[in-house]
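Colleague: I have a structure here and would like to understand how it is put together. Could you take me through it?

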2 protein chains.
Amino acid sequence: MEIKELVSQKGKLAKKASRELATLSTGVKNNALLKMADELEKGAARILEANKGDLENAQKQKFPKAFIDRLFLNKERIKDIASGLKEIAKLPDPVGEGTKMWQRPNGMRIGKIRVPIGVIGVIYESRPGVTADAAGLCLKSGNSVILRGGSESINSNRAIAGILSNAATSSGIPEGAVQIMEMTEREAVTELLKLDTYIDLIIPRGGEELIRFIRENSTIPFVRHDKGLCHTFVDRDANIEMAEKICFNAKVQRPGVCNAMETLLVHKDIAGKFLPLMVKKYKDAGVEIRGCSRTKGVVSDIKDATEDDWRTEYLELILSVKIVDSVEEAISHISDYGSGHSEAIITSNYFNAQKFLREVDASSVFVNASTRLADGNQYGLGAEMGISTQKLHCRGPMGLEDLTSQKYIIYGDGQVRQ
Amino acid sequence: MEIKELVSQKGKLAKKASRELATLSTGVKNNALLKMADELEKGAARILEANKGDLENAQKQKFPKAFIDRLFLNKERIKDIASGLKEIAKLPDPVGEGTKMWQRPNGMRIGKIRVPIGVIGVIYESRPGVTADAAGLCLKSGNSVILRGGSESINSNRAIAGILSNAATSSGIPEGAVQIMEMTEREAVTELLKLDTYIDLIIPRGGEELIRFIRENSTIPFVRHDKGLCHTFVDRDANIEMAEKICFNAKVQRPGVCNAMETLLVHKDIAGKFLPLMVKKYKDAGVEIRGCSRTKGVVSDIKDATEDDWRTEYLELILSVKIVDSVEEAISHISDYGSGHSEAIITSNYFNAQKFLREVDASSVFVNASTRLADGNQYGLGAEMGISTQKLHCRGPMGLEDLTSQKYIIYGDGQVRQ
């Protein structure tokens with residue numbers, strides 16, 4: 001009961017703040033963002049002290065090294081987090097932007113303009129930097145935010161959010177616009193997910209388990225950012241040199257992220273020429289190859305790919321390889337196994353490029369470029385809240401615009417319904 | 001178990017059809033829509049026979065007259081339903097439309113294009129015409145649809161959907177693109193709402209109870225179309241003649257719909273001049289007035305408005321009236337009691353108009369026009385799926401564009417992530 005009430009109070013306060021926040025000028029919001037960045041740097045000692053606590057707990061609980069690395073902060077990382085906020089201050093304010101305007105035969109002028117969504121709940125895992133990114137993006141787009149980080153980083157998140165919230169309030173941002181959930185109980189999340197009276201959108205940033213939990217418990221709409229099972233298809237007419245460069249980049253440059261390639265599809269007519277060299281390059285870089293039976297006919301010393309492999313987001317230096325008969329078979333494989341994140345074709349054939357772009361159902365479809373480029377910064381959108389893998393509301397890199405809704409404004413001079 | 005399987009099969013078939021449907025040409029879709037319209041008219045006798053069954057059941061169960069009227073079909077109404085499909089054929093195809101395209105410093109060209117959402121489940125109440133509207137809009141926007149009408153109109157819906165589905169399939173639309181739920185059990189809806197593997201979007205068209213049921217049971221995102229508690233604020237500087245015309249229209253022209261006015265707010269300085277005449281007009285038209293205490297000081301012979309009245313969507317010839325001190329108080333009342341549907345200000349004051357447009361949080365905000373104009377056809381969007389009262393995905397009249405998602409397409413020539 002107590003948790004329920006505490007969470008509900010946060011929601012109510014956030015809603016109240018959101019009304020005022022929605023009409024604040026860009027100048028006030030930008031000044032607050034710059035102040036928040038400054039105060040983060042000034043408060044570095046306090047944040048690092050809190051972070052030390054989280055790191056000690058994580059080590060005691062023997063969390064994996066990669067996990068602890070994501071948790072770790074130092075002066076440099078805090079400076080980067082602060083720079084992120086300064087970058088957000090530089091981005092154009094999406095609020096109030098008119099996206100369309102037209103006139104009707106009865107003289108009524110109709111416009112569509114961007115407005116904030118209202119209150120956003122962000123649920124994320126270990127990286128404490130997300131606390132500042134999410135707070136900055138929500139504030140710039142005129143939304144109140146309630147942040148719920150992982151319990152492993154609760155001390156760091158509290159310290160960061162406390163500083164941000166104070167800096168915001170002292171710069172004219174209404175109290176309650178930036179809040180954190182201090183409670184680490186699971187119950188607190190469950191209650192948050194039921195607050196549909198106050199919260200307009202939930203943004204989960206985490207794995208499949210988190211998404212499932214939210215789908216089953218939330219009465220609030222959410223935009224999910226989950227897995228990326230990305231393919232690259234090397235077509236018969238691919239430029240081999242370009243294909244090698246792109247395929248290497250898509251797998252090796254940073255294998256642990258959602259836009260890295262997991263399965264390589266190769267046209268049968270180019271496989272004999274392309275695969276032996278490519279696989280050698282991969283092996284030299286430490287990539288484990290798992291191939292279909294036809295792949296094993298072309299390159300030796302690789303493991304068998306099983307049905308499970310086509311369904312697996314490795315997030316490490318493992319790659320499944322399949323030889324296909326045609327662009328149609330490639331598209332069909334992607335349609336069966338892809339996660340709708342990012343897919344690429346390497347080809348010199350105009351018609352196959354067009355076909356792939358049209359028929360592949362994914363948030364980003366690439367011709368002759370690496371799936372690793374699927375990213376808000378790479379697209380020129382600025383900072384992103386993550387990459388949406390759903391079709392409702394927004395799809396692909398989620399930038400400031402995607403944190404807004406739109407409303408119709410109608411300028412009349414006495415029009416009525418006939 | 002059997003229902004669960006039947007529903008699941010429908011979902012699977014719809015998903016399969018959606019892949020093919022997504023890339024069909026506009027010509028094929030339009031021909032199918034025209035064929036569907038023709039076949040509906042040719043099948044009128046069969047539909048009317050089925051409708052007779054529904055009407056007899058409804059009369060046995062003593063449903064209200066208005067309900068039975070919505071259920072009722074005749075040749076004329078079937079012709080109107082068919083015309084609706086022909087109108088949809090004339091609308092521009094949203095699929096494939098490019099909404100943006102830009103170039104990045106590395107030479108990569110990025111575009112955003114509209115794509116179908118996939119599979120849409122439409123859950124609606126008595127009016128059988130919705131069966132055809134929903135099927136037509138989904139087909140034109142390249143989406144498979146699973147229709148679930150009210151059990152009261154099951155015979156009419158089955159007859160209509162059967163004809164539409166056959167006409168579609170015989171015109172080259174994949175089987176399963178237009179399906180109806182024949183099962184009237186509640187369990188069938190509950191199962192439908194869990195089919196997140198196959199269904200991408202649920203569109204409920206019904207009252208608050210339906211929305212609550214869906215919110216609590218759906219694991220699929222939905223766009224809700226629920227109540228409209230609309231206000232009109234007559235400002236101090238309103239043109240009285242224009243205010244009378246608009247306020248009369250907003251309440252009286254068709255009181256039973258979501259964009260009709262429920263509460264009239266009047267600035268204190270114009271109330272004495274405006275309200276007596278306006279209330280007389282309303283009373284002559286049979287409108288019952290419920291006023292705040294200050295209103296009762298200006299006009300006699302009216303009922304008291306209670307706190308409950310500010311929260312009530314009457315949907316009939318009843319109007320609550322409140323006198324306010326300022327545009328700020330009007331906005332604050334709307335913010336406390338409005339449903340975010342459609343709100344209007346009548347004013348000659350430039351600053352108050354701008355303030356109202358900016359600060360009122362609703363899907364449509366009007367200056368000097370009737371809230372009754374909040375409608376897809378009136379806005380020039382063509383047929384609509386309803387009026388969304390939520391902020392995610394789309395807000396306001398939901399036309400063909402709002403039945404699409406977008407994807408990024410990237411034209412590269414060898415770009416990789418640095």
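Colleague: How many bridges join β2(B) to β16(B), and do they run parallel or antiparallel?

Modeller: Keep in mind that this is a predicted model. One pair to look for is I110(B), which stands opposite I410(B) in β16(B). The two strands run antiparallel, and the number of bridges joining them is eight.

Colleague: Which strand of chain B forms a hairpin with β2(B)?

Modeller: Look for an antiparallel partner joined to strand β2 (residues 109-116) of chain B by five bridges. In this pair K100(B) stands opposite K112(B). Five residues lie between the two strands, and G107(B) in the turn has a positive phi of about 90 degrees. The hairpin partner is β1(B).

Colleague: Now the two chains. How many residues of chain B are in contact with chain A?

Modeller: Contact here means C-beta atoms, placed from the backbone, within 7 Å. On the chain A side, 57 residues take part. By class, the side of chain B that touches chain A has 23 nonpolar, 18 polar and 16 charged residues. The count for chain B is 57.

Colleague: Which element gives the most to the side of chain B that touches chain A?

Modeller: Several elements of chain B each supply at least two residues, among them α9 (208-217), α10 (240-252) and α15 (350-359). Strand β13 (364-369) of chain B is on that list too. The top contributor gives eleven residues, and that element is β16(B).

Colleague: Which residue of β16(B) is the bridge partner of V367(A)?

Modeller: Here strands pair across the two chains. Strand β13 (residues 364-369) of chain A is joined to β16(B) by five bridges, and the two run parallel. Within this pairing, the partner of V367(A) is Y411(B).

Colleague: What rotation superposes chain B on chain A?

Modeller: The shift along the axis is 0.0 Å and the RMSD is 0.0 Å. The copies are thus related as by a two-fold rotation axis. In chain B, the C-alpha nearest that axis belongs to H393(B), 1.7 Å away. The rotation is 180 degrees.

Colleague: What percentage of the interface residues of chain B are also interface residues in chain A?

Modeller: Compare the residues used by each copy. The copies meet through the same surface, because the overlap is complete. The value is 100%.

Colleague: Let's go inside chain B. Which strands stand at the edges of the open sheet of four strands?

Modeller: Read the order, β5-β4-β3-β6 (chain B), with parallel pairing. Neighbouring strands are turned by 20 degrees against each other on average, direction ignored. An edge strand has a single partner strand, so one side of it is left without a neighbour in the sheet. In chain B, the edge strands are β5 (178-180) and β6 (201-205).

Colleague: Which residue of β6(B) is the bridge partner of I120(B)?

Modeller: Start from strand β3 (residues 119-124) of chain B. Five bridges join β3(B) to β6(B), and they run parallel. The bridge partner of I120(B) is L201(B).

Colleague: Which helix packs on this sheet, touching β3, β4, β5 and β6 of chain B?

Modeller: Two helices need checking. Helix α1 (residues 2-21) of chain B packs on the sheet and touches β3, β4 (144-148) and β5 of chain B, with its direction at about 145 degrees to that of β4(B). The other helix, residues 129-140 of chain B, makes about 165 degrees with the direction of β4(B). The helix that fits your list is α6 of chain B.

Colleague: Are α2(B) and α5(B) roughly parallel or roughly antiparallel?

Modeller: Helix α2 (residues 26-42) and helix α5 (residues 75-90) of chain B pack with their axes 8 Å apart, at an angle of about 175 degrees. Angles over 145 degrees count as roughly antiparallel. So α2(B) and α5(B) are roughly antiparallel.

Colleague: How many nonpolar residues are in the contact of α2(B) with α5(B)?

Modeller: The contact includes L33(B), L34(B) and M36(B) of α2(B), and I78(B), I81(B) and L85(B) of α5(B). One residue of the contact is polar and three are charged. The nonpolar number is eleven.

Colleague: Finally, which domain does the UniProt annotation place on residues 12-285 of chain A?

Modeller: In the model, that span is 52% helix and 16% strand. Its end C-alpha atoms lie 53 Å apart. The name comes from an unreviewed UniProt entry, and it reads "domain: Aldehyde dehydrogenase".

Note on methods
Residues are numbered from 1 along each chain as its sequence is written. Chains are lettered from A and ligands numbered from 1 in the order in which they are written. This is a predicted model: local features need pLDDT of at least 70, side-chain atom pairs count only at pLDDT 80 or more; totals for chains, interfaces and linings use all residues. Two residues are in contact if their C-beta atoms, placed from the backbone, lie within 7 Å. Ala, Val, Leu, Ile, Met, Phe, Trp, Tyr, Cys and Pro count as nonpolar, Asp, Glu, Lys and Arg as charged, and the others, Gly among them, as polar. Two strands pair if DSSP finds at least two bridges between them. Copies are superposed by least squares on the C-alpha atoms of residues with pLDDT of at least 70 in both. UniProt positions are given in the numbering used here, feature names are shortened, and annotations may be inferred rather than shown by experiment. Axes are lines fitted to C-alpha atoms, for helices over the stretch in contact, and angles run from 0 to 180 degrees between N-to-C directions. Angles under 35 degrees count as roughly parallel, over 145 as roughly antiparallel, 65 to 115 as roughly perpendicular and the rest as oblique.
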